[in-house]
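Please take the chain and its bound ions together, and read the paragraphs below with the coordinates open beside them.

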Amino acid sequence: MAAPPQELKICTGCGRQISVHVNACPYCGKMQAAPGPSYGAPPPPPAYGAPPPAYGPAPGQEMRVCVGCGRQIPAHYNACPYCGRSATGAPQGESMGALKYVLYILSFLFWPLGIIIGIVFMISNEPEKKQVGKMCIILAILSVVLYVVCYFFIFAAIFGGMMGI
Ligand SMILES: [Zn+2]
Ligand SMILES: [Zn+2]
């Protein structure tokens with residue numbers, strides 16, 4: 001059960017041997033300059049039988065669906081060979097997704113919560129979380145300032161009314 005012969009090249013990202021036909025290194029996700037045929041083009045017809053496609057399911061190989069492009073790729077790959085999407089899901093910089101906007105809104109509506117979220121995130125090691133934490137604290141402070149201004153006007157109106165101004 002030997003693997004079908006493949007043309008191999010060295011990944012410019014991690015130096016491992018990869019198929020010349022992939023768009024991105026399956027190990028490190030680095031997009032490859034494409035000297036070979038792209039995946040859009042059908043591979044040249046083989047002279048013998050019908051060997052499995054380079055990235056089709058091989059016997060005993062677990063497949064998964066790429067979250068980036070939806071194609072089937074071997075489960076052990078770290079990155080999709082078609083689109084370069086990493087196996088862990090979202091590319092860097094989007095790991096918080098919509099959650100950070102929810103946190104921003106919460107920070108603004110309930111400023112004590114914003115301060116707590118901010119502090120918790122600021123002590124995190126992830127730069128993105130630090131950034132979100134900073135934003136939460138800024139929004140919380142902004143919220144406090146708005147509260148104070150609002151109360152000032154409300155009290156001014158009440159006292160102004162009581163004193164008959
Ligand atoms: Zn690589
Ligand atoms: Zn993909």
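What follows goes from the overall fold to the two metal sites, and then to the strands, loops and helices around them.

The model is a predicted one, and its secondary structure comes to three helices and four strands. Read along the sequence, these elements follow the pattern β-β-β-β-α-α-α. Of the 165 residues of the chain, 25% count as buried, and the accessible surface comes to about 11,100 Å², with 68% of that area belonging to carbon and sulfur atoms. Among the contacts between residues at least 6 apart in sequence, 33% join residues at least 24 apart.

The zinc ion (ligand 1) is held by four cysteine sulfurs, the SG atoms of C11, C14, C25 and C28, at 2.3 Å. The arrangement of these donors is tetrahedral, because the four atoms subtend angles of 104 to 116° around the ion, and a site of four donors is called tetrahedral if all angles lie between 85 and 135 degrees. Along the chain the donors of this zinc ion follow the spacing C-x2-C-x10-C-x2-C. Within this set, the pair C14 and C28 links distant parts of the chain, since C14 belongs to the loop between β1 (8-10) and β2 (17-19), whereas C28 belongs to the loop between β2 and β3 (63-65), 14 residues apart. C14 counts as partly exposed because its relative accessibility is 32%, and C28, with a relative accessible area of 38%, is partly exposed as well.

The zinc ion (ligand 2) is coordinated by the SG atoms of C66, C69, C80 and C83, at 2.2 to 2.3 Å. Its site is tetrahedral, with angles of 105 to 116° among the four donor atoms, and in sequence the donor residues are spaced C-x2-C-x10-C-x2-C. Here the pair that links distant parts of the chain is C66, in the loop between β3 and β4 (72-74), and C83, in the loop between β4 and α1, 17 residues apart. How do C66 and C83 stand in terms of burial? C66 has a relative accessibility of 4% and therefore counts as buried, whereas C83, at 31% relative accessibility, counts as partly exposed.

Cysteines also bear on a further point, for a search of the whole structure finds zero disulfides. Away from the donors listed above, C150 has a relative accessibility of 44% and so counts as partly exposed.

Two residues, one in a strand and one in a loop, help to place the chain around these sites. K9 lies in strand β1 and, although it is a lysine, counts as buried because its relative accessibility is 17%, under the 20% that marks the limit for a buried residue. The C-alpha atoms of K9 and S19 are separated by 6.1 Å, while the two residues are ten apart along the chain. E62 lies in the loop between β2 and β3 and counts as exposed, because its relative accessibility is 62%. Its C-alpha atom is separated by 9.9 Å from that of Q72, ten residues apart along the chain. Residues up to four places away in sequence aside, E62 touches I73, P74 and A75.

The last part of the pattern brings the reader to helix α3. This helix covers residues 127-162, and its 36 residues should span 52 Å at 1.5 Å a residue, so the separation of 52 Å between its end C-alpha atoms agrees with that expectation. Which residues of α3 are buried? They are E128, V132, G133, C136, L139, A140, S143 and G160. In general, an α-helix has 3.6 residues a turn, so residues three or four places apart point the same way. The buried residues of α3 pack against α1 (99-109) and α2 (111-122).

S143 gives a local view of this packing. It is placed in helix α3 and counts as buried because its relative accessibility is 3%. Leaving aside neighbours within four places in sequence, S143 is in contact with S107, F108 and W111. The C-alpha atoms of S143 and L109, which are 34 residues apart along the chain, are separated by 7.2 Å.

Key
Residues are numbered from 1 along each chain as its sequence is written. Chains are lettered from A and ligands numbered from 1 in the order in which they are written. This is a predicted model: local features need pLDDT of at least 70, side-chain atom pairs count only at pLDDT 80 or more; totals for chains, interfaces and linings use all residues. Side-chain values use heavy atoms; hydrogens and water are left out. Donors are N, O and S atoms within 2.8 Å of the metal (3.2 Å for Na, K and Ca); water is not among the atoms, so sites may look incomplete. Four donors count as tetrahedral if all angles lie between 85 and 135 degrees; four count as square planar and six as octahedral if opposite donors are over 155 degrees apart and all others between 65 and 115; anything else is irregular. Helices (H or I, at least four residues) and strands (E, at least two) are DSSP runs, numbered from the N terminus. Buried means under 20% relative accessible area, exposed over 50%, partly exposed in between (1.4 Å probe, protein chains only). A disulfide is a pair of cysteine sulfur atoms within 2.5 Å. Contact means heavy atoms within 4.5 Å. Accessible areas come from the Shrake-Rupley method with a 1.4 Å probe; for residues, only the protein chains shown count as cover. The expected span of a helix is 1.5 Å times one less than its number of residues.
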